[in-house]
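Below are my notes on the model, set out as numbered points for discussion. Please read them with the coordinates open.

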Amino acid sequence: MIRRKRGTLFVISAPSGTGKTTIIKRLLSTFDDIYFSVSYTTRPKRNGEIEGVDYVFVDEKTFKDMVEADEFLEYAVVYGNYYGTPKRPVLERIERGIDVVLDIDTAGAMSVKEKVEDTVLVFIFPPSIDTLVERLRLRGTESEEVMRKRISQAMVEIERSNIYDYWVLNDSIDRAFEELKSIVIAERCRRKRFELWGI
Ligand code: 5GP
């Protein structure tokens, strides 16, 4: 009767310390048919992070070779480290009708929006700047200097939130998650994503 033309690409961005990772993990455990794209990075692994699950951790030479070989859908330098979305796993899934989630920064979001048709951009805001600074301090995995960089980068990210389709305020994890879930469900039902079939 009807079928989906292709999968939908959801790009989720937020300043670091917004609780984005928690919300995305919840989304992925709720929808077992969404593929999360694991990025490549040259950033050192943090405690508790798992190779191939949180990121694929590579050295700068490997990353640059991959850039040369056109293996990234997009890549950016964030806080002095390279981060990139591998092209093939994402585009293949979209073609096969599978929805994909990218957790990337605003620069990456801008470039993906131009490359992949009908991408959905969601920006998650912290409840306030004070909470954001507080959360970054509590996280405590980085040096003072890295933290200052993250705070000023957060301001840049917030300024770029204008290009996003949806804004979600994370003043409650439960509500932010419900909102994100609703966005996914509604976007999946958009007529433009379907075609008539067999009639
Ligand atoms: P973190 O080092 O805290 O895991 O991530 C730092 C920032 O890099 C976050 O805003 C995250 O969304 C972004 N990021 C992670 N992977 C990618 C990627 O593949 N491309 C881009 N452009 N940004 C990424």
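1. The lining of the largest pocket is mixed in class, with 14 nonpolar, 12 polar and 13 charged residues, where Ala, Val, Leu, Ile, Met, Phe, Trp, Tyr, Cys and Pro count as nonpolar, Asp, Glu, Lys and Arg as charged, and the others, Gly among them, as polar. These 39 lining residues include K20, T21, R46, Y55 and D103, which lie nearest the centre of the pocket, and the volume is about 930 Å³. On a 1 Å grid over the protein atoms alone, a pocket is an open set of points with protein on both sides within 12 Å along at least five of seven lines, a cavity is a set where a 1.4 Å probe fits but cannot get out, and lining residues have an atom within 4 Å of a point. Grid points are joined across faces, edges and corners, and a volume is the space filled by probe spheres set on the points.

2. The model is predicted, so that local features need pLDDT of at least 70 and side-chain atom pairs count only at pLDDT 80 or more, while totals for chains, interfaces and linings use all residues. Residues are numbered from 1 along each chain as its sequence is written, and side-chain values use heavy atoms, with hydrogens and water left out.

3. Helix 1 gives the most to the lining of the largest pocket, with six residues; helices (H or I, at least four residues) and strands (E, at least two) are DSSP runs, numbered from the N terminus.

4. The search of the whole structure finds one cavity of 30 Å³ or more, with about 60 Å³ of space. K5, R6, G7, T8, E117, D118, K192 and R193 line this cavity, and by class they comprise no nonpolar, two polar and six charged residues.

5. Strand 8 (residues 99–103) has four of its five residues buried, that is, under 20% relative accessible area with a 1.4 Å probe and protein chains only. Strand 8 runs parallel to strand 2 (residues 9–13), joined by four bridges, and I12 stands opposite D103. Three bridges join strand 8 to strand 3 (residues 34–36), also in parallel, with V101 as the bridge partner of F36.

6. In the largest nonpolar core, which has 18 residues, I12, L27, V101 and V122 touch the most other members; such a core is a set of buried Ala, Val, Leu, Ile, Met, Phe, Trp, Tyr and Cys residues joined through side-chain atoms within 4.5 Å. Helix 7 supplies the largest share of this core, five residues.

Technical notes
Buried means under 20% relative accessible area, exposed over 50%, partly exposed in between (1.4 Å probe, protein chains only). Two strands pair if DSSP finds at least two bridges between them.
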